[in-house]
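Got the structure viewer open? Here are a few exercises to work through, each with a solution you can check by eye.

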Amino acid sequence: MTATPGTRHAFTLDDLRRIMRTSVGVDAGVDLDSDISDVEFDGLGYDSLALLELAAQVRREYGVPIPDDAILEVPTPGRAVELINNRLAEA
């Protein structure tokens, strides 16, 4: 989903799951449809490069830059959703 200028869209865990699947991929055996909010990214098979790609995709789709250091400090998908929503609110 690409955000339309002037509209607000709360970024959800489902949005993050979609980006994780389409831009980064999913390791075999990882169930992104389960409750992954508090599962650490490395436990889901996502390393720092995958997180940087996730942030780049958020910027492309939503027009909101996520600083590299900020996304790399986020341990879980739930915290990533919080970070992205905070950045959207600031934009």
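**Exercise 1.** What covers the buried residues of H2?

*Solution.* Keep in mind that this is a predicted model. Start by picking out the residues of H2 that count as buried: Ala-50, Leu-51, Leu-54, Ala-55, Gln-57, Val-58, Glu-61 and Tyr-62. Looking down the axis of H2, you'll see that they fall within an arc of 160°, so they line one face of the helix. Now look at what sits over them: the cover includes H1, H3 and helix H4 (77-90). Finally, flip to the face of H2 turned away from its buried side, and you'll find the exposed residues Leu-49, Arg-59 and Arg-60.

**Exercise 2.** Work out whether the length of H2 fits its residue count, then inspect its two ends.

*Solution.* H2 runs over residues 48-62, which makes 15 residues. At 1.5 Å a residue the expected span is 21 Å, and the end C-alpha atoms are 21 Å apart, so the two agree. At the start of H2, a side-chain oxygen of Asp-47 comes to within 3.2 Å of the backbone nitrogen of Leu-49. Just after H2, Gly-63 has a positive phi of about 70°.

**Exercise 3.** Do the same job on H1, and find its packing partners.

*Solution.* With twelve residues, H1 should span 16 Å at 1.5 Å a residue; its end C-alpha atoms are 15 Å apart, which agrees. Its buried residues are Leu-13, Asp-15, Leu-16, Arg-17, Ile-19 and Met-20. Those buried residues of H1 pack against H2 and H4. Just after H1 comes Gly-25, with a positive phi of about 100°.

**Exercise 4.** Find the aromatic pairs and classify each one.

*Solution.* A pair of aromatic rings is described by the distance of the centres and the angle of the planes. Ring centres have to lie within 6.5 Å, and planes over 60 degrees apart count as edge-to-face. By this rule there are two aromatic pairs. Take Phe-11 and Tyr-62: they are 5.3 Å centre to centre with 75° between the planes, making the pair edge-to-face. Phe-11 lies in the segment before H1 and Tyr-62 in helix H2, so this pair ties together parts that are 51 residues apart in sequence. Phe-11 and Tyr-62 are both buried. Next, Phe-41 and Tyr-46: their ring centres are 6.4 Å apart and their planes are at 70°, so this pair is edge-to-face too. Phe-41 and Tyr-46 are also both buried.

**Exercise 5.** Where is Glu-40 placed, and which residues is it in contact with, leaving aside its neighbours within four places in sequence?

*Solution.* Glu-40 sits in the loop between H1 and H2. Its relative accessibility is 47%, so Glu-40 counts as partly exposed. Leaving those sequence neighbours aside, Glu-40 is in contact with Pro-75 and Thr-76. For another reference point, try Arg-79: it is 39 residues from Glu-40 in sequence and 9.7 Å away in space, C-alpha to C-alpha.

**Exercise 6.** Decide how far to trust each part of the model.

*Solution.* Begin with the whole chain: its mean pLDDT is 88, and 91% of its residues reach 70 or more. Then go to residues 1-5, where pLDDT stays under 50 and the model has seven contacts beyond four places in sequence. As for helix H3 (residues 68-73), its mean is 96.

Conventions
Residues are numbered from 1 along each chain as its sequence is written. This is a predicted model: local features need pLDDT of at least 70, side-chain atom pairs count only at pLDDT 80 or more; totals for chains, interfaces and linings use all residues. Side-chain values use heavy atoms; hydrogens and water are left out. pLDDT is the predictor's confidence in each residue, from 0 to 100. Helices (H or I, at least four residues) and strands (E, at least two) are DSSP runs, numbered from the N terminus. Contact means heavy atoms within 4.5 Å. The expected span of a helix is 1.5 Å times one less than its number of residues. Buried means under 20% relative accessible area, exposed over 50%, partly exposed in between (1.4 Å probe, protein chains only). The arc is that of the directions from the helix axis to the C-beta atoms. A polar contact is a pair of N or O atoms within 3.5 Å; within protein, one must be able to donate a hydrogen and the other to accept it, and residues adjacent in sequence count only if both atoms are side-chain atoms. Rings of Phe, Tyr and Trp (its six-membered ring) pair if their centres lie within 6.5 Å; planes under 30 degrees apart count as stacked, over 60 as edge-to-face and the rest as tilted.
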